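Colleague: I have not seen this structure before. Could you take me through its features in turn?

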Amino acid sequence: MTTVEIIFLGVYFSVLCVLAVYGSHRYRMAFLYYRHKFRLPTPKGVLPAMPRVTIQLPIFNEMYVVERLVESVCRIDYPRELLEIQVLDDSTDETCGIARACVERHRQKGHDIVYIHRENRSGFKAGALENGLKTATGEYIAVFDADFVPSPDFLLRTVPFFADAKVGMVQVRWGHLNREFSILTQAQSIFLDGHFIIEHTARNRSGCFFNFNGTAGIWRRITISDAGGWQHDTLTEDLDLSYRAQVKGWQFIFLPEVVSPAELPVDMNAFKSQQHRWAKGSIQTARKLLPMILKSDLPFAVKREAFFHLTNNMAYLLMVLLSALMPLSMVVRFQHGLYGTLFLDLPFFISATASVGVFYVAAQREQGAKGWARFKYLPFIMSLGIGMAISNAKAVIEALLGQQSAFARTPKTGAEGKKITAIKKSYRGSKTLLPVIELSFAAYFLGALWFAVDKRIWGSVPFIFLFLAGFAYVGLSSLLEGRFKISESAPAPVTVSEEQTRRAA
């Protein structure tokens with residue numbers, strides 16, 4: 001072998017090794033979950049009196065879901081004289097009129113609800129939340145995004161935990177209003193179940209840091225200010241504030257048994273936009289906070305988990321590099337008669353990919369899923385994760401280069417179950433040139449598959465097929481988005497007259 005080929009294989013196995021380390025971390029999460037799953041959180045003491053709570057509802061162009069959100073929040077079981085609701089609207093479309101009218105209707109019913117509209121979107125969601133705090137009267141601040149439908153007992157089940165003066169935030173688990181809509185929403189629900197049921201529980205109950213997820217949680221107001229307030233220099237203001245607060249010594253509580261259902265993105269471009277924002281924001285937060293965390297006197301276990309948590313999306317960048325190297329590695333080794341060395345990849349691939357199966361199977365079993373009802377989606381989940389690598393790797397690169405970008409909201413459609421409201425074109429995820437690159441990778445792996453079958457390198461075929469399927473599905477779905485299920489344009493599901501809008505304003 002030439003020196004270039006030796007270096008090439010060295011880089012290939014180095015990438016595999018790092019990915020295997022990140023993949024193996026899922027095993028650790030599963031281990032910590034089962035080790036601490038019975039350490040159930042319970043309120044420490046009793047609050048002397050029910051406190052005043054402000055619920056903030058940050059929205060931006062949410063005409064299809066804003067009424068559902070406000071109505072569900074107004075159904076929350078809590079003394080009206082102790083509950084304030086803020087609709088923080090940065091919208092630039094018909095949402096403004098719909099939201100104003102909805103707020104006015106519920107105010108007339110006796111709810112303490114206010115409509116706050118900003119013109120400039122300064123700071124995006126973080127800016128809207130910070131702006132709302134200027135007039136908020138609550139000692140505790142709950143936040144719900146536009147696509148959520150909180151249960152009536154949300155406050156009654158979360159507020160008691162603040163009897164412990166050290167508790168700064170309580171997060172509940174996300175549910176899924178439209179899990180059954182498509183194979184894409186099925187996969188997303190399994191992704192999120194793993195994150196909440198396994199990761200959050202494992203981190204929280206083992207004494208490590210975990211994060212507020214931007215919604216379906218409630219803060220002690222003084223915790224927000226003590227940690228430095230909402231800041232908008234990252235795209236994940238929730239993750240940023242969470243780590244700053246916990247470094248300050250505040251304790252967080254996760255309640256997996258309390259569920260707030262939400263809508264999953266129904267189209268690929270919306271899903272990619274959401275994942276891009278989360279991936280970029282996490283790396284931005286890592287750049288901002290990780291040096292300070294690693295230099296602190298926090299326990300080693302906390303530092304280690306913070307490192308893996310905040311840098312986990314770096315794996316997407318390595319996944320793209322692996323995708324470029326893997327077929328060439330197979331060809332190089334085969335041409336030099338090193339067919340047997342192809343099996344050296346197996347332990348690394350098992351660590352990096354089989355851990356996905358163990359992790360998500362554990363999450364579904366903890367929810368009582370049996371048989372193939374959800375487990376059948378696991379091969380698709382692995383392929384989807386691979387297919388998303390290019391989009392998320394782009395987000396990682398942007399974060400590493402310090403490239404700032406606007407907060408791109410995830411389009412909401414009001415989908416529930418298998419039903420969806422026809423939506424305007426502007427409410428779909430934006431299209432980019434990335435599908436061309438994704439389909440190019442799919443073509444690349446199609447050639448690799450042909451080579452492996454032709455040369456009877458059967459051990460490589462399953463892995464090549466996973467990469468091929470992932471890039472092909474994500475690329476084609478992005479290109480064909482909007483041609484099925486969702487119309488090009490349609491009227492809003494709720495009609496608001498000009499007179500209603502004028503009165504509400």
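**Reading the sheet**

Modeller: Start with two strands: β4 (residues 140-143) and β6 (residues 217-220) pair in the antiparallel sense, over four bridges. Bear in mind that the model is predicted.

Colleague: How do strands of a sheet pair?

Modeller: Strands pair through backbone hydrogen bonds, and the arrangement is either parallel or antiparallel. In the pair just named, which is antiparallel, A142 stands opposite I218 in β6.

Colleague: In what order do the strands of the sheet come?

Modeller: Seven strands form an open sheet, and the order is β3-β2-β1-β4-β6-β5-β7, with mixed pairing. The edges are held by β3 (113-117) and β7 (251-262); each has a single partner strand, so one side of each is left without a neighbour in the sheet. From one strand to the next, the twist averages 20°.

Colleague: Which strands does α3 lie across?

Modeller: Helix α3 lies across β1 (53-59), β2 (83-89) and β3. Relative to β3, the helix runs at about 160°.

**Reading the salt bridges**

Colleague: How many salt bridges are found in the whole structure?

Modeller: A search of the whole structure gives 18 salt bridges. One of them joins the side chains of R105 and E67, with N and O 2.6 Å apart. R105 is in helix α3 (residues 95-108) and E67 is in helix α2 (residues 66-74), so this pair ties together parts that lie 38 residues apart in sequence.

Colleague: Is E67 buried or exposed?

Modeller: E67 counts as buried, at 14% relative accessibility. Its partner R105, at 34%, counts as partly exposed.

Colleague: What separates E104 and R107 in helix α3?

Modeller: About one helical turn, because E104 and R107 are three residues apart in that helix. These two also form a salt bridge, and their closest N and O atoms are 2.5 Å apart. R107 is partly exposed, with 36% relative accessibility.

Colleague: Where do K288 and D233 lie?

Modeller: First the contact itself: the side chains of K288 and D233 meet in a salt bridge of 2.9 Å, N to O. K288 belongs to helix α9 (residues 268-295), while D233 sits in the loop between α7 (221-226) and α8 (237-247), so the pair links parts 55 residues apart in sequence. K288 has a relative accessible area of 27% and is partly exposed; D233 is also partly exposed, at 38%.

Colleague: Which residues are joined into one network by salt bridges that share partners?

Modeller: That network consists of D233, D240, R244 and K288.

**Reading the cysteines**

Colleague: What is a disulfide?

Modeller: A disulfide is a covalent bond between the sulfur atoms of two cysteines. To count one here, the two sulfur atoms must be within 2.5 Å. By this rule the count is zero disulfides.

Colleague: Why is C74 not bonded to C102?

Modeller: The distance is the reason: the sulfur of C74 is 7.0 Å from that of C102, its closest cysteine sulfur, and that is too far for a bond. Seen from the other end, C102 is in no disulfide, and the nearest cysteine sulfur is that of C74.

Colleague: What are the relative accessible areas of C74 and C102?

Modeller: C74 is buried, with a relative accessible area of 11%. C102 also counts as buried, at 0% relative accessibility.

Conventions. Residues numbered from 1 in each chain as written. Predicted model: local features only at pLDDT ≥ 70, side-chain atom pairs only at ≥ 80, totals over all residues. Heavy atoms only, no water. Buried < 20%, exposed > 50% of the residue type's maximum accessible area, 1.4 Å probe, protein only. Salt bridge = Lys/Arg side-chain N within 4 Å of Asp/Glu carboxyl O. Pairing = 2+ DSSP bridges. Axes fitted to C-alpha atoms, helices over the stretch in contact; angles between N-to-C directions. Contact = heavy atoms within 4.5 Å.
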